[in-house]
Amino acid sequence: MSSLCINTLIQKYKHKIKNVGILSDDISQIKLILRDSYPDEERLFAVEGIWAHQKLLDAKIEIKAFLFCPEYVYSDEAVALVGSFLDKAEKVYMVSQRVFQNLSERDKPDGFLTIGKLPTYDIDQWNFRDDAVIAVLDGLETPGNIGTILRTCDGSGVDAVFICNKRSRITNSKLIKSSMGAAFVIPIVEFKHVDDCINWLAAHSFNIYLADSNGDKSYKGYEYKGRSALVLGSERYGLSEQWYGINPNVLSIPMFGICDSLNVGTAASIILYEMCLRKRMGGCDKVTS
């Protein structure tokens, strides 16, 4: 049944579908994106699989290109998704099994992959609520950690993520995967310089909290009133010195074992949930399971 349906779709969209081989310029560009070698400024990323494509549709992400191999589209769910992406994609490519195997990272591929574009944001046009929370990532290097933090931000209700002292691409495939779709919906804004980020936060009345394992005060000791920005630094390099020159609130997570700190993704989850629960639910004492 699915093969009949996919053939029907091919006929319906034949005016839009382009047959391409492994040596085509189109495939070469897609390979660069898959290998995280394409210019990051365009915010192009690649995803594969049914679950990821459903998240793309839910988030209404701009679809720049859709590539599929009819022989691998085996389920009714997959066929339905192919139909949706044939309709929405700016460009559509149909490839052979051999070409798709060359591109796919999966042992059992679903038969399609997409090139999407992460949204861009004009923060000067934002109207932040009075209890807004922003996570600031200063010099984080590991894409998986950043993706995990984005996932936490989505779950806890963080308003945006700012990135400064950038050391990882926001379109990195590991970042996209580990975010579990959060990268599609959490506003991500990049600052070229740390001072630019500090100045923006100050101009918009954000109270700044630094996550520092050497901090004397526990994260539980703050009320997090008003607008709040949590700054998280690289596990290797720590936070940029500029943050300590603005009289910030420095906090830490108490450690009772032999380790002196937590993974930055884990630390972010603990602190951001604390901040957001206090703001959204009037304090953790009012939270029920």
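Before the slides, one term: buried here means under 20% relative accessible area, and exposed means over 50%. With that cut-off, helix 9 has these buried residues: Val264, Gly265, Ala267, Ala268, Ile271, Leu272, Glu274, Met275, Cys276 and Lys279. Please keep in mind that this is a predicted model.

I'll start with the overall layout. The chain divides into domain 1, residues 6–117, and domain 2, residues 123–282. Taken over C-alpha atoms, the centres of the two domains are 33 Å apart. Between them, 16 residues of domain 1 are in contact with 14 residues of domain 2.

Now the packing. The largest nonpolar core holds 60 residues. The members that touch the most others are Phe66, Phe68, Val82, Leu86, Phe112, Leu150 and Leu272. Helix 9, residues 264–281, supplies the largest share of this core, with seven residues. Both domain 1 and domain 2 contribute residues, so the core lies between them. Apart from it there is another core of 22 residues, including Phe191, Trp200, Phe206 and Ile208.

Staying with helix 9 for a moment, its geometry is unremarkable to report. The helix has 18 residues and spans 25 Å from the first C-alpha to the last, close to the 26 Å expected at 1.5 Å a residue. What covers its buried residues includes strand 6, helix 6 (143–156), strand 9, strand 10 and strand 11 (249–251).

Strand 10 brings me to Leu232, which is placed in that strand. Is Leu232 buried or exposed? Its relative accessible area is 1%, and because of that Leu232 counts as buried. Its contacts, leaving aside neighbours within four places in sequence, are Val136, Leu137, Asp138, Leu140, Ile149, Ala211, Leu239, Val264 and Ala268. Two of those names, Val264 and Ala268, you have already heard among the buried residues of helix 9. As for sequence separation, Leu232 and Gly139 are 93 residues apart along the chain, but 8.6 Å apart in space, C-alpha to C-alpha.

Next, the annotated region. UniProt, in an unreviewed entry, places the feature "domain: MRM3-like substrate binding" at residues 40–113. Over residues 40–113 the chain is 41% helix and 24% strand, with the end C-alpha atoms 19 Å apart.

Two residues from that stretch are worth a slide. His53 lies in helix 3, residues 50–59. With a relative accessible area of 0%, His53 is buried. Beyond its neighbours within four places in sequence, His53 is in contact with Val47, Glu48, Phe66, Leu81, Phe85, Phe112, Leu113 and Thr114. The other residue is Phe112. Under the same sequence exclusion, Phe112 is in contact with Glu48, Gly49, Ile50, His53, Phe66, Leu67, Phe68, Val73, Ala78, Leu81, Val82 and Phe100.

Last item, helix 8, residues 194–203. Which of its residues are buried? They are Val194, Cys197, Ile198, Trp200 and Leu201. Down the helix axis, these fall within an arc of 165 degrees, so they line one face of helix 8. On the other side, Ala202 and Ala203 are exposed. What covers the buried residues includes strand 6 (133–138), strand 7 (160–164), strand 8 (188–191), strand 9 (206–211) and strand 10 (227–233). Just after helix 8, Ser205 takes a positive phi of about 60 degrees.

That is the tour. To restate one point: the 60-residue core lies between the domains, because both give residues to it.

Methods: Residues are numbered from 1 along each chain as its sequence is written. This is a predicted model: local features need pLDDT of at least 70, side-chain atom pairs count only at pLDDT 80 or more; totals for chains, interfaces and linings use all residues. Side-chain values use heavy atoms; hydrogens and water are left out. A nonpolar core is a set of buried Ala, Val, Leu, Ile, Met, Phe, Trp, Tyr and Cys residues joined through side-chain atoms within 4.5 Å. Buried means under 20% relative accessible area, exposed over 50%, partly exposed in between (1.4 Å probe, protein chains only). Helices (H or I, at least four residues) and strands (E, at least two) are DSSP runs, numbered from the N terminus. Domain bounds come from an automatic or database domain assignment. Contact means heavy atoms within 4.5 Å. UniProt positions are given in the numbering used here, feature names are shortened, and annotations may be inferred rather than shown by experiment. The arc is that of the directions from the helix axis to the C-beta atoms. The expected span of a helix is 1.5 Å times one less than its number of residues.
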